[in-house]
Amino acid sequence: MNQPVFSNTQIFAHRGANREAAENTRLAFDKALLYPIDGMETDVQMSKDQVTVLYHDDETGKLGFAGRHIDDFTLAELESLDFAQYFANGIESESVLTLKEFIKRYRGRCRLQIEIKIGAWESTRHQRLKTRQALELIETSQNGDVFLSSFDLECMIYANQLKPGFPLFYTLEQDQGLYVVESVLEQHPYLAGLCLPIQTLDLSMMRHLRELDKQVLTYTCNSEEDIQKALDLAVDVLITDDIPKALNMRQSWTGKQIS
């Protein structure tokens, strides 16, 4: 497994190398692994016939079906579509990548962050089935080699009920500050940590999370300012679209953390 260089902050590729290939595709993940990254983040949804697959957006406009959702299609139908068609000319077509294949193909090569996407249109049953299937496919987490995150707190609550002790990270929106952080962790101490937007992350929030012995993930750090801020705050995981920039900045990091 790839290891960090100097700073303890780990670099995660956001949906793979999404600036070099279509996000959440085999090529994007393969290209990401050409760099000395520590992990990769991906997004999980579920097909109409209840197979967990990788896709980020609420709607399938990138696939040529505006106004529809991934769960409007069976796995066979998704396999017939080109998930790389929107990216650029000259990129080979790619069928949908299932979560099962993703785990089999990439587990052990780097850490894997699996973001469970929950749609407002989905039934509670469908949401829970997706979460349950993800946990069943992962089976166990070896020192956090694979972990779950979600913007949906109910998803994290249900995941903890299914598998207590499994590493879970609640992902917050930009308008959710320290008060929300304190409230969430007071009510849900089983969370391994939080995944926070870099814009709202600051020293007071970091100190609070460290006092509670919680891990800190931050997204999505692409500018030099945001990457430097994440490194100075010594976050555990920095999620980025700009893999080379983040790796280069980590390697040249001065070690002068914010105090």
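This report walks through a predicted model of one protein chain, from its overall build to a few selected spots.

## The chain as a whole

Let's start with the big picture. The chain has nine helices and nine strands. Its radius of gyration is 18 Å, close to the 18 Å that the globule rule gives for 259 residues, so the chain is as compact as a globular protein of that length. If you boxed up the C-alpha atoms along the principal axes, you'd need roughly 55 × 45 × 35 Å.

Of the 259 residues, 55% are buried. Looking at contacts with a sequence separation of 6 or more, 60% come from residues 24 or more positions apart. The accessible surface adds up to about 11700 Å², and carbon and sulfur atoms account for 46% of that.

## Strand 2 and its partners

Strand 2 covers residues 39–46, and eight of its eight residues are buried, so the strand is largely enclosed by the rest of the structure. In a regular strand, side chains alternate between the two faces of the sheet. Here both faces are covered: one side carries Gly39, Glu41, Asp43 and Gln45, the other Met40, Thr42, Val44 and Met46, and all of them are buried.

Strand 2 has several pairings to look at. With strand 1 (residues 10–14) the pairing is parallel, over three bridges, and alanine 13 has methionine 40 as its bridge partner. Helix 1 (residues 26–32) joins in too: together with strand 1 and strand 2, the helix makes a right-handed β-α-β unit. Strand 4 (residues 111–116) also runs parallel to strand 2, joined by six bridges; in that pairing, glutamate 41 is matched with glutamine 113.

Strand 3 (residues 52–54) pairs with strand 2 in the antiparallel sense, over three bridges, with glutamine 45 standing opposite valine 53. These two strands form a hairpin with five residues between them, and glutamine 50 in the turn has a positive phi of about 70°.

## Arginine 15, after strand 1

Arginine 15 sits in the loop between strand 1 and helix 1. Is this residue buried or exposed? The cut-off for buried is under 20% relative accessible area, and arginine 15 comes in at 13%, so it's buried.

The side chain of arginine 15 makes a 2.9 Å polar contact with the side chain of glutamate 23. Setting aside neighbours within four places in sequence, arginine 15 is also in contact with residues including Asn24, Ala28, Phe29 and His56, plus Glu41 and Asp43. Those last two, Glu41 and Asp43, lie on one side of strand 2.

## Tryptophan 121, after strand 4

Tryptophan 121 is in the loop between strand 4 and helix 4 (124–138). With a relative accessibility of 34%, tryptophan 121 counts as partly exposed. Apart from residues up to four places away in sequence, it touches Gln45, Asp58, His69 and Asp71. With aspartate 71 there's a side-chain to side-chain polar contact of 3.0 Å.

For a sense of distance, take valine 181: it's 60 residues from tryptophan 121 in sequence and 27 Å away in space, C-alpha to C-alpha.

## Helix 8

Further along the chain is helix 8 (residues 224–232), where Asp226, Ile227, Ala230, Leu231 and Asp232 are buried. What do the buried residues of helix 8 pack against? They pack against strand 8 (215–219), strand 9 (237–240) and helix 9 (243–251). Following helix 8 comes alanine 234, with a positive phi near 60°.

Technical notes. Residues numbered from 1 in each chain as written. Predicted model: local features only at pLDDT ≥ 70, side-chain atom pairs only at ≥ 80, totals over all residues. Heavy atoms only, no water. Buried < 20%, exposed > 50% of the residue type's maximum accessible area, 1.4 Å probe, protein only. Helix = DSSP H or I, 4+ residues; strand = E, 2+ residues; numbered from the N terminus. Pairing = 2+ DSSP bridges. Right-handed = clockwise from strand over helix to strand, strands pointing away. Rg over C-alpha atoms; globule rule 2.2 N^0.38 Å. Contact = heavy atoms within 4.5 Å. Areas by Shrake-Rupley, 256 points an atom, 1.4 Å probe, with all protein chains shown as cover. Polar contact = N/O pair within 3.5 Å; in protein donor to acceptor, adjacent residues only side chain to side chain.
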